[in-house]
Structure formats: structure tokens, C-alpha cells
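Reader: I'm new to reading protein models. Could you walk me through one, feature by feature?

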Amino acid sequence: MTQRSPWFKNAAAATLALSLALPSASVLAAKQSATALVPLRETAESFGAQVHWESSSATILVTKDGHKLVLTLGSAEALLDGKHVALEEPVRIAEGRALVDAEFLAEAFKVKDSAQTETAEARDHADLFLEALLAGNGAEAAKYVSASSAYALPAAMLDSLWANYEAVFGKAVGAPSKSETVNQVHRNVTYTFQTSAVPVNLTLRLNAAGEIDDMYIAAQANSAYQKPAYEDAAAYIEREVTIGEGAMALPGTLTLPAGDGPFPAIVLVHGSGTNDRDETIGSAKPFRDLAVGLAAQGIAVLRYDKVTYEHTFKVAADSKFTLKKETVDDALKAVELLKRTPEVDASRIFVAGHSQGGYAMPLITAGDANGDIAGTILLSGPSGKFADVLTEQQAELVSRVKQLGLDPAPYEQQAAVYTSIAAMVNDPQYTVDHMPEQFPAQPAYWWFEQKNYVPAELAKQQSGPMLILQGENDWQVTMKQFESWKAALQNRNDVTFKSYPQVNHLLAKVNSLSTGAEYAQPSNVSKEIIDDIAAWVCSGCSLPQPGAGTKK
């Protein structure tokens, strides 16, 4: 462990917002140092200072009460109120933290007695926000919310937010455990609560200034994910990137094949829901599988956390949130990022959408004003209206449950709810200007804004290489949708179709009839799908004619 001052003996060992690449030599140096080094951000914030990281110059600015301290990574010299001062040890990075001489920092800001300062754990804005949230003190919690997110996390809502979640999950028992991760956009502090129903994770997303920028609350999901057999760690490298900029920027991962490039590249676009960059569902991570599998075949892959996952409450506060804002805009921003990436061949950038990502693909194509997308890939993407797909999906699930001899009653009840939602959406009296007063699936605007959108009909009017792949064991997007794609695009000669026996909605081959229950078991994207995508991208966007199920 890195040597700590007594101030932080109880601090959580977790990653800070100043998370940088960590050379092994830096770790060794930090551990061997005789000088008391402490995590800069935690220490400074514990006595009320503000910390800002300047990536362009690798400098850290610490300010408090009109005093300014400028530190440079690797340097044993600093600027304090414009004057050069020497450090016993240079500023360094270890375990994802910027470390600094404890005595120097205390002297620079006149922190004379450690007893005057509580531990970093207690002073962490995330902890203070949580304490107020649990107490139902929205006004106090709101003090720690960033100004740009105040509209999404107002005091009035924070007053009752936790009580509302406890009404669903049950009362929390005991103190929560705490863990941290850092991405290109947020420092993410997760508290895990044990409740009478299921463990619940409450993740606070903090900005660079240490303010609460958003939140994510969900039942804890226990994943038993296993890496695919086709993964070769030596075949790729990964780089953290940022999609877009400003309040809704998204963190992502660019997986690059080993070598110099330039490489063809694929942007992965999520299905419905609050998906992370791996599209983690149960014990599967389809996007991670696709990234490592395709990188091993010479194709770069960009995946990112979905806006509904990274900016959950800001999205929820948008009364006119649309499919375009949810999926289309960020996919096009990802394409723009790849265009500026030296290792990527800008003439061979493709977009692959899974489920809802495939459903939105014609909109993504329509938004590609500069013709930057070389081709599109649909992975179990619906071809019809979203509301109709929802009804069809639920009917298919009930049918499969009956085939397996299971009690269909709970599934039929669920199907009735979704069918009623679809009926309201399809009711001609309702539009974005006249929506039902009590619509059960919010945001209502999202549904009614696209009620007449039919992906296959829009795709009819477009051109450009398309690869449409479908699992034959998929109940969420059935083979009926695949056949509708074929019928609608039969006059286009730039579309390739292929379906896969036994493959379910998560693109994994399973031996049993899929009902979603198998999602809890470890699975990986079928190697055949990865091979077919790679062959299509690398051979001028066409699959070899021989082989069952392949049609052009």
C-alpha cells in the first residue's frame, strides 16, 4: 500500500477523479518513498480546497481562500501564489491517484493540525450528499449538486427520492459498502445497500469539481461473465475516449488491433434500456465480445456508455427526450471521433446497431449528412413500428413459456400491460401534441414522437452496404422482423441477410428455447457472427455466397 498520512488511515482505497495511466515504475517509486505522500484530491478537498486537472499541460491547480498552487506531474518544483517552491518528492501517480508531499500541502494552505480536518471519507462530497439524501433533507443534498444538473436533481425531488426507492426495494439494513471507479467523464461512487428485497446500488456521478452531476440507482446485478474462447489479449490494445463534449459527454473505449493501421472501424450502438459500454445483460457482455473478437481480425471497435446510463436523471428531466437524443446523435458523434483517430481508416467506418440500435439505423444513416458511414450492420434489429414489435415480443414469450410447460399466467399478465401500452401508442387520437394523461411508460414523448416510424420503410429509400443478421432463437426480436426486412428491401442490391439457428437475442448460441432466463448464465457472442461481420467489412461489404441462410 502507498504510504498515507494519519489523516487518511480510514479513507476508502478507491480511484480518484485524477485517474491516469499508471506505469509500474511509478507504483514502485511511490511505495519506496520515505516522504509521506497523500492523495492530492482527497487531501485538498478535506480542508476545503478546490482541485482542477489540466490534461493539456499535465498540471494540477489547487485553490483555497485566494491562494493558488500549481503542481506538475513528475516535477519536484511547484508554483505557490506565483513563486517557485521546492518539493521533497515530485508529484506522481500511483494506483490512479495523484500523490503529493503531505507536509508541503499542509504548510502551503496553513493546515496546522490534522485534528482540524476530518477524514477524506467523511469530507467526500459523495458521502455528504448521501447522508442528506438518506435523511430526506433535499435542501442539504442539493448543496452538493452541480449548477448544470440542478434542474435534474432539485431539492424537492431529493426530499423523497430515497424513500420512494425504499418503498420498491425495502428498507436498507446497516451501512452501505462503498466503491469507486473513474471514467473520462465522471468519478463514480457506488454505495451498495442490503434491503429486504435485493441489494441495491446507488451510484453518484461526480464531475471534475467534485460536485454531484448525476445518479444511477438499480438493483445489484451479479454477473458471471466469462471471456470468450476467441479472445486474444495480445491482439489488441484499448484506449479510453470521450464521445461528444459538454454536459452530456459520454465515456467510451476504443479497441484497436495490434499494429500500426489504419484499420477499418465499427461503432457499436446499444439496444433499449440503460446500457453500459459492454451492453452488460445478466452474465453476458455482447459489446465487449464483439470488440475483442473483431479487433483480433483487424477491425477497430468503439463502444461507449449510453446516455441513459451515464446521465440518467438529466435524461429523465427532459420532457421531450427522443430516440434521436437517446441513440442517433451519439452514434454520429462516435463516427466523428473515429474520423479524427489516426489509427482508423476514415473511408471505412461502419456502424453496427443491436436491437433498438438496429431499429434506429435508418435514422442514423439519414443523419449522416457527409456520407462518413461506409456501411451499416443490424444485429437483431426490428423492422416495424416499436409498439407493434413490443406486442409481438410479448406474444412470442407467452407462446414459448407454454411450449416449455411453464405457468403462463405471470407472462400473460405482463403481456397484457405491454399490449395496452402499444394500443395507446397506436391510437390515432394521440400525438405528441395530445398524449394520454396517464401514460404508464415514461417519457411519453419518446413513444409518440416516433409512433409512425417504420425502419424498413425508411431504409427502402436509402442506399449503402447493409448487413442484416438475426438469431433464429430470438424472442425479443423475432424472425418475423427479419423476414419483413427482406420483403421491404428486396429491390436493393446492396443488402446482405443471414440468420443463425439457436442464436438468441444476446447473439449467443444456446441449445434450449430462449425465454431470457438463460441470460443469467455466462454466454458469448457466437464466433460465426464475428467471423461474418469481419468478412463483410474486410471483403468490400459482401459475404461469400455459399453457406446456408446467406442471401444477397
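Author: Gladly! This is a predicted model, and a nice starting point is a charge over a ring: K285 lies over the face of Y225, at 5.8 Å from the ring centre.

Reader: What sits over the ring of Y309?

Author: The charged end of R205 does, 4.8 Å from the centre of that ring.

Reader: Before we go on, how do I judge the predictor's confidence?

Author: Look at pLDDT, a confidence value for each residue from 0 to 100. Here the chain average is 87, and 87% of the residues score at least 70. Two stretches call for care: pLDDT stays under 50 over residues 1-35, and also over residues 545-552.

Reader: Now the sheet. In what order do the strands of the open sheet come?

Author: The order is β13-β14-β16-β15-β17-β18-β19-β20, which makes 8 strands with mixed pairing. At the edges are β13 (236-243) and β20 (495-500), each paired on one side only. On average, neighbouring strands are turned by 20 degrees against each other, direction ignored.

Reader: How many bridges join β15 to β17?

Author: There are 6, and these two strands run parallel. As an example, A265 has I349 in β17 as its bridge partner.

Reader: Which helices pack on the sheet?

Author: Helix α8 (residues 286-295) is one of them, touching β13, β14, β15, β16, β17 and β18. The direction of α8 makes about 165 degrees with that of β16. Helix α19 (residues 527-538) also packs on the sheet, where it touches β15, β17, β18, β19 and β20. The direction of α19 makes about 160 degrees with that of β18.

Reader: And aromatic rings, how do I read those?

Author: Check the distance between ring centres and the angle between planes; an angle over 60 degrees counts as edge-to-face. The count here comes to 13 aromatic pairs. In one of them, Y359 and Y453 have ring centres 5.1 Å apart and planes at 75 degrees, so the pair is edge-to-face.

Reader: Why does this pair tie together parts that are apart in sequence?

Author: Because Y359 lies in helix α12 and Y453 in the loop between α16 and α17, the pair links parts 94 residues apart in sequence.

Reader: Are these two residues buried or exposed?

Author: Buried means under 20% relative accessible area. Y359 has 0%, so it is buried, and Y453 is buried with 11%.

Reader: Which residues form one aromatic cluster?

Author: Y359, F386, Y430, F439, W446, W447, F448 and Y453 do.

Definitions and conventions
Residues are numbered from 1 along each chain as its sequence is written. This is a predicted model: local features need pLDDT of at least 70, side-chain atom pairs count only at pLDDT 80 or more; totals for chains, interfaces and linings use all residues. Side-chain values use heavy atoms; hydrogens and water are left out. Two strands pair if DSSP finds at least two bridges between them. Helices (H or I, at least four residues) and strands (E, at least two) are DSSP runs, numbered from the N terminus. Axes are lines fitted to C-alpha atoms, for helices over the stretch in contact, and angles run from 0 to 180 degrees between N-to-C directions. Contact means heavy atoms within 4.5 Å. pLDDT is the predictor's confidence in each residue, from 0 to 100. Rings of Phe, Tyr and Trp (its six-membered ring) pair if their centres lie within 6.5 Å; planes under 30 degrees apart count as stacked, over 60 as edge-to-face and the rest as tilted. Buried means under 20% relative accessible area, exposed over 50%, partly exposed in between (1.4 Å probe, protein chains only). A charge sits over a ring if NZ of Lys or CZ of Arg is within 6 Å of the ring centre and within 35 degrees of the ring normal.
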